[in-house]
Each structure stands twice: as structure tokens, then as C-alpha cells.
Amino acid sequence: MSAGSSEREYILTLSCPDTRGIVAGVANLLAEHGCNITESQQYGDSYSGRFFLRTQFTADASGPGAAEDALRGAFASLAGDFDMEWDLRPRDVRPRVLVMVSKFGHCLNDLLYRQRSGLLDVDIAAVVSNHPDLEFLARSYDLDFHHLPVGTRTKPEQEARLLELVDAYDVDLVVLARYMQILSEELCAKMSGRIINIHHSFLPSFKGARPYHQAHARGVKLIGATAHYVTADLDEGPIIEQEVSRVDHTSSPEQLTAIGRDLESLALARAVNWHAQRRVLLNGERTVVFR
């Protein structure tokens with residue numbers, strides 16, 4: 001909201017069975033409440049039969065017809081007519097993020113730099129790690145760092161502590177920035193749609209340890225990284241973004257690793273930013289991304 005102005009910008013996202021009249025219904029409702037649409041994107045998926053929409057609009061926050069509660073009430077009524085799943089958020093409310101990391105700090109460092117530089121529309125609340133190695137990096141950005149070691153026997157206690165931190169920091173999104181531990185099915189279910197992971201290849205290739213050494217051994221010509229939502233199916237969650245680079249026979253495993261880390265950082269940052277801007281909508285096992 002600009003200084004001296006009573007206008008506030010909102011983001012509406014929705015999905016529903018595809019049918020006639022959805023866009024007209026939304027546009028008419030916003031017009032009736034004195035709102036002005038500043039950006040709108042839509043997609044009808046012929047395979048799933050669902051319709052997806054993301055609309056940004058401004059509303060006079062001081063006017064009774066466009067107050068947030070009135071808008072929510074009106075959209076709730078419209079949603080009932082079209083069987084919509086919908087969300088309405090003020091654009092200036094940034095998601096609070098908890099970043100989890102193990103020993104590789106490139107993605108964490110990139111996210112912290114982008115957030116401090118105003119390039120990432122989130123507020124990073126804290127950093128959690130199963131190793132103490134990157135505490136210095138979190139502290140250099142004046143962030144709380146929580147060392148939560150984990151083993152086979154201690155995983156339930158560690159994840160319970162993690163959920164306590166999610167509540168304590170009022171976290172909207174957890175980002176796995178090369179966190180090298182498998183989350184339990186229970187945690188994945190509790191945080192469904194609220195955890196983003198970065199994977200070091202086009203899924204599901206080169207799973208496990210030393211992926212770039214595996215890629216080198218196979219003589220690959222293209223390497224990449226995949227950012228996706230976390231589900232109980234390991235590395236099989238809905239894909240948000242992928243980034244690639246061509247390589248050749250002259251590339252050593254160390255060079256592939258360096259290139260791959262850049263790709264991982266870029267793909268993860270894009271995915272987190274698009275999620276923060278409410279540009280990612282779930283479509284079954286896939287996503288719709290309004291860029």
C-alpha cells in the first residue's frame with residue numbers, strides 16, 4: 001500500500017471444475033466491490049478438466065464495499081456456485097520461511113542473499129540443520145540457527161521439534177536447501193503443499209549420493225536441477241521448476257558439480273519466489289505455474 005493511499009493490492013487464486021462463467025463471475029464480483037484488476041492469468045486443463053486462475057487487483061481498503069472481510073464473504077458465496085478451491089491474500093504479506101540445510105551451503109547462501117537484496121518475496125525466519133557446519137552463515141545474516149541432529153531412532157523426536165519451530169516462527173513454507181535427510185510420511189502429510197525441495201537432476205535420474213559423479217560416469221550431455229513440492233513418495237512430488245545446462249566429455253566431475261550447484265540455486269530460488277507470489281497451483285501430481 002503506497003503512502004497516503006487507502007488502496008491495497010490482493011492476490012486471488014482458485015481452481016475448480018472447468019465450466020462457463022467462471023471468469024465473468026470473478027470479474028463482475030470485483031467490479032461490484034470497486035476493485036481494479038491489475039494482472040490476471042488463467043488456464044483450463046483439458047486433461048484434468050479443471051480451471052485455474054490467478055488475479056491481482058487493488059481495492060479501497062477504507063471503503064465498506066471492498067473491505068477484506070466483505071470480499072472474502074462474496075468469494076465464499078461465488079466459490080459455492082462453482083465448487084472452487086480458492087485463496088485470497090494481501091500482496092504485501094510475505095510468507096515466512098524456514099530453511100533446512102545439511103552441509104552444502106550454496107542454495108542457502110543464494111536464498112539469504114536474494115532475500116536481503118530484495119529479490120525474494122519471503123521473510124526467512126530461521127535456519128535448521130542436522131549439522132552445525134553452516135551456523136556461521138545463518139548468524140552472518142542475523143538469523144536464528146537450530147542444530148537438530150537426526151538418526152534412525154531420533155527422527156520422530158527431531159521432526160516433532162521441527163514442527164514446534166514451524167509453529168513458534170509462524171512458518172508458511174519450509175525450504176529444503178540441500179537438506180540430505182528423508183522426511184517421514186507423517187511430516188509430509190502435515191506439511192502438504194508447504195515444503196519445497198531441490199533435487200540434483202531431472203527427476204528421477206541419478207538418485208542418491210554423488211549424483212554428478214554418476215552423471216560423469218554415464219557421459220551425460222545435459223545436467224539439470226528440479227525444484228518440487230515434497231510428498232511421501234521420495235523425489236516424486238509435483239514439479240515447480242527445472243533448470244539445465246549442456247555439458248560435454250571435457251567436463252570433470254568437479255566441473256559438473258560446480259555447474260550443478262548454480263542450477264540448483266537458480267531453480268530453487270525461482271520455485272520459492274513463485275510460491276511466495278502465489279503463482280503455483282497444484283493440479284493433481286502436476287503444477288500450474290503462472291509466471
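**Exercise 1. The two sides of helix α1**

In this predicted model, find which residues of helix α1 (residues 22-32) are buried, and work out how they are placed around the axis.

*Solution.* Begin by going through helix α1 and picking out its buried residues, which are Ile22, Gly25, Val26, Leu29 and Leu30. The next step is to look along the axis: these residues cover an arc of only 125° around it, and therefore they lie on the same side of α1. Turning to the other side of α1, one finds Ala31 and Glu32, which are exposed. Then ask what the buried residues of α1 pack against: the partners are the strands β1 (7-17), β2 (36-45) and β3 (50-60), together with helix α2 (68-82). Finally, follow the chain past the end of the helix, where α1 is followed by Gly34, a residue with a positive phi near 70°.

**Exercise 2. How α1 and α2 pack**

Determine how α1 is oriented relative to α2, and list the residues through which the two helices meet.

*Solution.* Take the geometry before the residues: α1 and α2 pack with their axes 11 Å apart and at an angle of about 160°. Because an angle over 145 degrees counts as roughly antiparallel, α1 is roughly antiparallel to α2. The crossing in which α1 passes α2 is right-handed. For the residues, α1 brings Ile22, Gly25, Val26, Leu29 and Leu30, and these meet Leu71, Ala74, Phe75, Leu78 and Phe82 in α2.

One of these residues, Ala74 in helix α2, can be examined more carefully. Its relative accessible area is 19%, and since buried means under 20%, Ala74 is counted as buried. When residues up to four places away in sequence are not counted, Ala74 touches Leu29 and His33. Ala74 can also be compared with Arg278, which is 204 residues apart from it in sequence, while the C-alpha atoms of the two are 20 Å apart in space.

**Exercise 3. Met84 in its loop**

Decide whether Met84 is buried or exposed, and state which residues it is in contact with.

*Solution.* Locate the residue to begin with: Met84 sits in the loop between α2 and β4 (85-90). With a relative accessible area of 11%, Met84 is buried. Leaving aside neighbours within four places in sequence, its contacts are Leu14, Ser15, Cys16, Ile22, Val26, Leu78 and Ala79. For a distance across the model, note that Met84 and Arg286 are 202 residues apart along the chain and that their C-alpha atoms are separated by 18 Å.

**Exercise 4. Helix α3, helix α8 and the nonpolar core**

Find out which residues have the most contacts inside the largest nonpolar core, and describe how α3 and α8 pack.

*Solution.* Start from a general idea: in soluble globular proteins, nonpolar side chains tend to be buried together. In this model the largest nonpolar core has 41 residues, and those with the most contacts inside it are Leu108, Leu111 and Leu268. Helix α8 (residues 253-276) gives the most to this core, contributing 9 residues. Leu108, again without counting residues up to four places away in sequence, touches Val99, Val101, Val127, Leu134, Leu137 and Ala177.

Next, consider helix α3, whose buried residues are His106, Cys107, Leu108, Asp110, Leu111 and Leu112. The elements that cover them include β5 (96-101), β6 (123-129), α4, β8, β9 (195-199) and α8. Helix α3 (residues 106-116) and α8 pack at an angle of about 45°, their axes being 9 Å apart, and the two helices are therefore oblique to each other. Their crossing is right-handed. In this packing, His106, Cys107, Asp110, Leu111 and Arg114 of α3 meet Arg261, Glu264, Ser265, Leu266, Leu268 and Ala269 of α8. After α3 comes Gly118, with a positive phi near 80°.

**Exercise 5. Two aspartates in loops**

Establish where Asp142 lies and where Asp170 lies, and describe the phi of each.

*Solution.* Asp142 belongs to the loop between α4 (135-140) and β7 (144-147). Although it is not a glycine, Asp142 has a positive phi of about 60°, and with a relative accessible area of 68% it is exposed. Asp170 belongs to the loop between α5 (155-168) and β8 (173-176). Asp170, which is not a glycine, has a positive phi of about 55°, and at 52% relative accessibility Asp170 counts as exposed, since the cut-off for exposed is over 50%.

Terms used:
Residues are numbered from 1 along each chain as its sequence is written. Side-chain values use heavy atoms; hydrogens and water are left out. A nonpolar core is a set of buried Ala, Val, Leu, Ile, Met, Phe, Trp, Tyr and Cys residues joined through side-chain atoms within 4.5 Å. Buried means under 20% relative accessible area, exposed over 50%, partly exposed in between (1.4 Å probe, protein chains only). Helices (H or I, at least four residues) and strands (E, at least two) are DSSP runs, numbered from the N terminus. Contact means heavy atoms within 4.5 Å. The arc is that of the directions from the helix axis to the C-beta atoms. Axes are lines fitted to C-alpha atoms, for helices over the stretch in contact, and angles run from 0 to 180 degrees between N-to-C directions. Angles under 35 degrees count as roughly parallel, over 145 as roughly antiparallel, 65 to 115 as roughly perpendicular and the rest as oblique. A crossing is left-handed if the near helix is turned anticlockwise from the far one by less than a right angle, and right-handed if clockwise.
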